[in-house]
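Here is a friendly walk through one protein model, starting from its helix and working outward. Keep the structure open beside you as you read.

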Amino acid sequence: VTGASFVVFNGALKTYSGFLAKSSIVEDGLMVQITRETMESLRQALRDKKDFKITCGKVDAGDVKEYVEICWVENEEKTNKG
């Protein structure tokens, strides 16, 4: 689990890059590079207030995967107040 001050979603990852998605720490935030198709799905999930999971890593990496999950919560007491 990584805490971040901000998240940047970059929808310019090419499908032929060999990656499902890529995530990296940038200063005190997180940058997630995704394909245009994933960006469209993410936008729709945000509009619908639905949870969304992005699988990161190489396409042929096997079982070793990293995930970025966007989760909507009901109880705001457990979230960051800042």
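Helix α1 covers residues 36-47, twelve residues in total, and at 1.5 Å a residue it should span 16 Å. The C-alpha atoms at its ends lie 17 Å apart in this predicted model, which agrees with that expectation.

Which residues of α1 are buried? They are Met39, Leu42 and Ala45. Looking down the axis of α1, you will find these buried residues within an arc of 125 degrees, so they line one face of the helix. On the face turned away from the buried side sit Arg36 and Arg47, both exposed. The cover over the buried residues of α1 includes β1 (7-10), β4 (52-58) and β5 (66-70). Just past the helix comes Lys49, which has a positive phi near 55 degrees.

Now for the wider layout. The protein has one helix and five strands, and from the N terminus on these run β-β-β-α-β-β. Of its 82 residues, 18% are buried. Among contacts with a separation of 6 or more, 38% join residues 24 or more positions apart. The accessible surface is about 6,400 Å², and carbon and sulfur atoms account for 49% of that.

What makes up the largest nonpolar core? Twelve residues belong to this core: Ala21, Leu30, Val32, Ile34, Met39, Leu42, Ala45, Phe52, Ile54, Cys56, Val68 and Ile70. Two or more residues of the core come from each of β3 (29-33), α1, β4 and β5. The buried residues of α1, Met39, Leu42 and Ala45, are thus found again among the core members.

Val32 is a good core residue to click on. Leaving aside residues up to four places away in sequence, Val32 touches Val7, Val8, Phe9, Asn10, Lys22, Ser23, Ile54 and Val68. Of these partners, Ile54 and Val68 are also listed in the core.

If you work with cysteines, here are two to look at:

| Cysteine | Relative accessibility | Class |
|---|---|---|
| Cys56 | 3% | buried |
| Cys71 | 48% | partly exposed |

Why do Cys56 and Cys71 get their classes? Cys56 counts as buried because its 3% falls under the 20% cut-off. Cys71 counts as partly exposed because its 48% lies between that cut-off and the 50% above which a residue is exposed. Cys56 is also one of the members of the largest nonpolar core. As for disulfides, a search of the whole structure finds zero.

Note on methods. Residues are numbered from 1 along each chain as its sequence is written. This is a predicted model: local features need pLDDT of at least 70, side-chain atom pairs count only at pLDDT 80 or more; totals for chains, interfaces and linings use all residues. Side-chain values use heavy atoms; hydrogens and water are left out. Helices (H or I, at least four residues) and strands (E, at least two) are DSSP runs, numbered from the N terminus. Buried means under 20% relative accessible area, exposed over 50%, partly exposed in between (1.4 Å probe, protein chains only). Contact means heavy atoms within 4.5 Å. Accessible areas come from the Shrake-Rupley method with a 1.4 Å probe; for residues, only the protein chains shown count as cover. The expected span of a helix is 1.5 Å times one less than its number of residues. The arc is that of the directions from the helix axis to the C-beta atoms. A disulfide is a pair of cysteine sulfur atoms within 2.5 Å. A nonpolar core is a set of buried Ala, Val, Leu, Ile, Met, Phe, Trp, Tyr and Cys residues joined through side-chain atoms within 4.5 Å.
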